[in-house]
Amino acid sequence: MALKKASQTAALKQILKKCSSFGKNENGLPSDVPKGHFVVYVGENRSRYIVPISWLTHPEFQTLLQRAEEEFGFNHDMGITIPCDEDDFCSLILMFR
């Protein structure tokens, strides 16, 4: 289990690095993603959400990430796609605020 967790953590770090490299401005920072945040795509229409990295510590968000890994994997060049209904995702993130 610890090996899987380490592998998932490494994969997430790679994706976060890739996500933060898109659209960099002259300072080397993403133009639309604030520092300490990353992009996820949610729902059938793949709506884009910018979420704080601190959400990675929430057990509910970790469950979503596990589902994302099982369904889509983490080895691709886009942001993390969350296999979740958008309304359910919005309800969940209200709990984090």
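**Group meeting talk: a three-stranded sheet and its helices**

I would like to start from one pair of residues, Val40 and Tyr49, which are bridge partners, with Tyr49 lying in strand β2. What we are looking at is a predicted model, and I will come back to how confident the predictor was before I go further into the details.

First, the overall layout. The protein has three helices and three strands, and if you read along the sequence they follow the pattern α-β-β-α-β-α. There are 97 residues, and buried ones make up 35% of them. The accessible surface comes to about 6,300 Å², with 53% of that surface belonging to carbon and sulfur atoms. Among the contacts with a separation of 6 or more, 49% are between residues 24 or more positions apart.

Now to confidence. The average pLDDT of the protein is 77, and 66% of the residues score at least 70. Where in the protein is confidence lowest, and where is it highest? It is lowest in helix α1, residues 2–21, with a mean of 59, and highest in β2, at 92. As a general caution, where pLDDT is low, the predicted coordinates should not be read in detail, and I will therefore say nothing further about contacts of that kind of region.

Let me turn to the sheet. The three strands form an open sheet in the order β2-β1-β3, and the pairing is mixed. Because β2 (47–52) and β3 (80–82) stand at the edges with a single partner strand each, one side of each is left without a neighbour in the sheet. From one strand to the next, the twist averages 40°.

Taking the antiparallel part of the sheet, β1 and β2 are joined by six bridges. Besides the pair I opened with, His37 stands opposite Pro52 in β2. The hairpin of these two strands has four residues between them, and within that hairpin Gly43 takes a positive phi near 85°. Arg46, which lies in the loop between β1 and β2, also has a positive phi, near 55°, and is a residue other than glycine. Is Arg46 buried, partly exposed or exposed? With a relative accessible area of 37%, Arg46 is partly exposed.

On the parallel side, strand β1, residues 37–42, pairs with β3 over three bridges. Here Val42 stands opposite Ile82 in β3, and Tyr41 stands opposite Thr81 in β3. Thr81 has a relative accessibility of 4%, and since the cut-off for buried is under 20%, Thr81 counts as buried. Which residues is Thr81 in contact with, once neighbours within four places in sequence are left aside? They are Tyr41, Arg46, Ala68 and Phe72, so that the loop residue Arg46 appears again in this list.

Next, the helices that pack on the sheet. Helix α2, residues 59–72, touches β1, β2 and β3, and its direction makes about 105° with that of β3. Helix α3, residues 86–96, touches β1 and β2, and its direction makes about 15° with that of β2.

Leu92, in helix α3, gives us a view of how the two helices are placed. Its relative accessibility is 15%, and Leu92 therefore counts as buried. Setting aside residues up to four places away in sequence, Leu92 touches Glu60 and Leu64. Leu92 and Phe61 are 31 residues apart in sequence, while their C-alpha atoms are 8.5 Å apart in space.

That brings me to the interior. The largest nonpolar core has 19 residues, and those that touch the most other members are Val40, Val51, Phe61, Ile80, Ile82 and Phe89. The elements giving two or more residues to this core are β1, β2, α2, β3 and α3.

I will finish where I began, with Val40. Which residues does Val40 touch, not counting those up to four places away in sequence? Val40 touches Ser47, Arg48, Tyr49, Val51, Phe61, Ile80, Ile82 and Phe89, and among these are Val51, Phe61, Ile80, Ile82 and Phe89, which are also named among the core residues that touch the most other members.

Key: Residues numbered from 1 in each chain as written. Predicted model: local features only at pLDDT ≥ 70, side-chain atom pairs only at ≥ 80, totals over all residues. Heavy atoms only, no water. Pairing = 2+ DSSP bridges. Axes fitted to C-alpha atoms, helices over the stretch in contact; angles between N-to-C directions. Contact = heavy atoms within 4.5 Å. pLDDT = per-residue confidence, 0-100. Buried < 20%, exposed > 50% of the residue type's maximum accessible area, 1.4 Å probe, protein only. Core = buried A, V, L, I, M, F, W, Y, C linked by side-chain atoms within 4.5 Å. Areas by Shrake-Rupley, 256 points an atom, 1.4 Å probe, with all protein chains shown as cover.
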